[in-house]
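Let's take a friendly walk through this structure, one region at a time. Keep the sequence and the 3D view at hand as you read.

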Amino acid sequence: VENNLGPDYVDQAPFDMAQTYEESTYLTPIFFVLFPGSDPTPVVETFARSLGITEANGRFSNLSMGQGQEQVALNALTKAAKDGGWVMLQNVHLMQAWLKSLETALEFIEEFAVPEFRCFLTS
């Protein structure tokens, strides 16, 4: 492949959270597709901390999705959208029936979300 198409199709640059943040907006969630052994949480949390966004100051929420977390997640999204916080919803594939509600909530909060807001999804 490299001989025919070049190194861009073989060598992948490491993930750059700062660049991802710069290219993102508050209107579109950042979606991580996971594979065994991968976990974007430390990278996201470290970068958030560098911007002053932490769980300690109430501006970062990291939720592992499962039964009973639906309303907790919606509340966290609403608060973060208003306050410029970040929400990380992990393992959203476990909540397939709830994803339409998530989509509706994200559309609703677009109306009042501040530019610093970010939503991260993992699956």
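## Strands, helices and the model

Strands here are DSSP runs of E with at least two residues, and helices are runs of H or I with at least four, both numbered from the N terminus. One of these strands is E4, covering residues 118-122, and Thr122 belongs to it. Please keep in mind that this is a predicted model.

## Strand E4 and its partners

A good place to begin is E4, which is mostly covered: five of its five residues are buried. In a regular strand, side chains alternate between the two faces of the sheet. In E4 both faces are covered, with Arg118, Phe120 and Thr122 buried on one side and Cys119 and Leu121 buried on the other.

Which strands are joined to E4? Strand E1 (residues 30-32) is joined to E4 by three bridges, and the two run parallel. E3 and E4 also run parallel, and four bridges join them. Phe120 is a handy residue to find on screen: Ile30 stands opposite Phe120, and Phe120 is also the bridge partner of Met88.

## A closer look at Thr122

Is Thr122 buried or exposed? Thr122 counts as buried because its relative accessibility is 0%, and the cut-off for buried is under 20%. Setting aside neighbours within four places in sequence, Thr122 is in contact with Phe32, Leu34, Pro40, Met88, Leu89, Gln90, Asn91 and Val92.

## Two nonpolar cores

In soluble globular proteins, nonpolar side chains tend to be buried together. Here the largest nonpolar core has 19 residues, and those with the most contacts inside it are Met65, Leu77, Leu89, Trp98, Leu102 and Phe117. Two or more residues each come from helix H4 (70-83), strand E3 (86-90), helix H5 (99-109) and E4. H4 gives the largest share of this core, five residues.

Met65 makes a useful landmark. Leaving out its neighbours within four places in sequence, Met65 is in contact with Glu70, Ala73, Leu89, Gln90, Asn91, Val92, Leu94, Met95 and Trp98. There is also a second, separate core of 12 residues, which includes Ile30, Val44, Ile53 and Trp86.

## The largest pocket

Rolling a probe the size of a water molecule over the atoms shows where empty space is left. The largest pocket in this model has a volume of about 220 Å³. Its lining is formed by Gln12, Ala13, Pro14, Phe15, Phe32, Val33, Leu34, Phe35, Ser38, Asp39 and Pro40. How many of these lining residues are nonpolar, polar and charged? Eight are nonpolar, two are polar and one is charged.

Some of these names may look familiar: Phe32, Leu34 and Pro40 line the pocket, and they are also among the contacts of Thr122.

## The start of the chain

Finally, look at Val1, in the segment before helix H1 (2-5). Val1 counts as exposed because its relative accessibility is 63%. Not counting residues up to four places away in sequence, Val1 touches Gly6, Tyr9 and Val10. The C-alpha atoms of Val1 and Leu121 are separated by 32 Å, with the two residues 120 apart along the chain.

Val10 sits in the loop between H1 and helix H2 (17-23). With a relative accessible area of 43%, Val10 is partly exposed. Beyond its neighbours within four places in sequence, Val10 is in contact with Val1 and Glu2. Val10 and Ala76 are 66 residues apart along the chain, and their C-alpha atoms are separated by 39 Å.

Notes. Residues are numbered from 1 along each chain as its sequence is written. This is a predicted model: local features need pLDDT of at least 70, side-chain atom pairs count only at pLDDT 80 or more; totals for chains, interfaces and linings use all residues. Side-chain values use heavy atoms; hydrogens and water are left out. On a 1 Å grid over the protein atoms alone, a cavity is a set of points where a 1.4 Å probe fits but cannot get out, and a pocket is an open set with protein on both sides within 12 Å along at least five of seven lines; lining residues have an atom within 4 Å of a point. Grid points are joined across faces, edges and corners, and a volume is the space filled by probe spheres set on the points. Ala, Val, Leu, Ile, Met, Phe, Trp, Tyr, Cys and Pro count as nonpolar, Asp, Glu, Lys and Arg as charged, and the others, Gly among them, as polar. Buried means under 20% relative accessible area, exposed over 50%, partly exposed in between (1.4 Å probe, protein chains only). Contact means heavy atoms within 4.5 Å. A nonpolar core is a set of buried Ala, Val, Leu, Ile, Met, Phe, Trp, Tyr and Cys residues joined through side-chain atoms within 4.5 Å. Two strands pair if DSSP finds at least two bridges between them.
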